[in-house]
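Q: Please take a close look at how the helices pack in this model, and at the pockets found beside them.

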Amino acid sequence: EILHVDPKHRRSLRILRERLMDRGDWDELEALYERTGRWDSLIDALYTFSDRASDDTVRIAAYKMARHIAADRQNDPERVARVNERLLALSSYDETIEALVQHYEQTESWSRLLALQGQRLSREDDVQRRFLLCLQIRDLCEQKLGSKSLAFQWCAKAFDLNPQDPTVLN
């Protein structure tokens, strides 16, 4: 009863939060924090909950909730990117990868984009997509990072995948 009467009480908030997270009742958890407006606290709690969870499905659900709060409640693209990085460590969701690519391009985080594209390449099985990614990485290295030697290495990788394609040498 006290949990519903006084959600701003620290101990009651913690107990109710833990029960809601254990049940996976994300909507009710969001409603609880809407009354307090402590979104940073909720995201930190979701990180802790996810770190302690042994089931990846539960961990992913908690991170997705944290991403939702960071995006929709806080409108904080940096925090969304950090949550997406945590999500990506668990699984390779296309939506997460695309969101990070977009964020890194907008913030001109070229070295992070390079690492992400390399990670993306290692998960790709389709030879044509691998080839196109190598070309994108080549362009990133040459145009954004200013590294001709890295660009050449990626060009060589693209050539190994498709030596007949004339775009490799451009």
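A: The contact of α4 with α5 is a good place to begin. In this predicted model, W39, L42, I43, L46, Y47, F49, S50 and D51 of α4 meet V58, R59, A62, Y63, M65, A66, I69, A70 and R73 of α5. By class, the residues of this contact are 13 nonpolar, 1 polar and 3 charged. Helix α4 covers residues 39-52 and helix α5 residues 56-73; their axes come within 8 Å and cross at roughly 165°. Because angles over 145 degrees count as roughly antiparallel, α4 is roughly antiparallel to α5. The crossing of these two helices is left-handed.

Helix α4 also has a contact with helix α6, which spans residues 77-90. Here the axes come within 13 Å and cross at roughly 5°. The angle therefore makes α4 roughly parallel to α6. On the α4 side the contact residues are D40, I43, D44, Y47 and D51, and on the α6 side they are R79, R82, V83 and R86. This contact divides into 3 nonpolar, no polar and 6 charged residues. I43, Y47 and D51 of α4 are among the residues that meet α5, and I43, Y47 and D51 are also among those that meet α6.

Further along the chain, α8 and α9 form another helix pair. Their axes come within 10 Å and cross at roughly 165°. The two helices are therefore roughly antiparallel to each other. The crossing in which α8 passes α9 is left-handed. From α8, the residues W110, L113, L114, Q117, G118, R120, L121 and S122 take part; they meet R130, L133, C134, Q136, I137, L140, C141 and K144 of α9. The residues of the α8 and α9 contact comprise 9 nonpolar, 4 polar and 3 charged.

The pockets involve this part of the chain as well. The largest pocket holds about 270 Å³ of space. Its lining consists of 11 residues, and D94, R120, E124, R129 and L133 are the ones nearest its centre. At least two lining residues come from each of α7 (94-106), α8 (110-123) and α9 (127-144). The most is given by α9, with 4 residues. The lining of the largest pocket divides into 3 nonpolar, 2 polar and 6 charged residues.

The second largest pocket has a volume of about 190 Å³. It is lined by V101, E105, W110, L113, Q117, R120, Q136, I137, D139, L140, Q143 and K144. Two or more of these residues come from each of α7, α8 and α9. Again α9 gives the most to the lining, this time with 6 residues. The lining of the second largest pocket has 5 nonpolar, 3 polar and 4 charged residues.

Some residues link the pockets to the packing of α8 against α9. R120 lies in the contact of α8 with α9, is among the residues nearest the centre of the largest pocket, and also lines the second largest pocket. L133 of α9 meets α8 and is likewise one of the residues nearest the centre of the largest pocket. W110, L113 and Q117 of α8, with Q136, I137, L140 and K144 of α9, are included in the contact between these helices, and these residues appear in the lining of the second largest pocket too.

Notes
Residues numbered from 1 in each chain as written. Predicted model: local features only at pLDDT ≥ 70, side-chain atom pairs only at ≥ 80, totals over all residues. Heavy atoms only, no water. Axes fitted to C-alpha atoms, helices over the stretch in contact; angles between N-to-C directions. Parallel < 35°, antiparallel > 145°, perpendicular 65-115°, else oblique. Left-handed = near helix turned anticlockwise from the far one by under 90°. Contact = heavy atoms within 4.5 Å. Nonpolar A, V, L, I, M, F, W, Y, C, P; charged D, E, K, R; others polar. 1 Å grid on protein atoms, 1.4 Å probe; cavity = no way out; pocket = protein on both sides within 12 Å on 5 of 7 lines; lining within 4 Å. Points joined across faces, edges and corners; volume = space filled by probe spheres on them.
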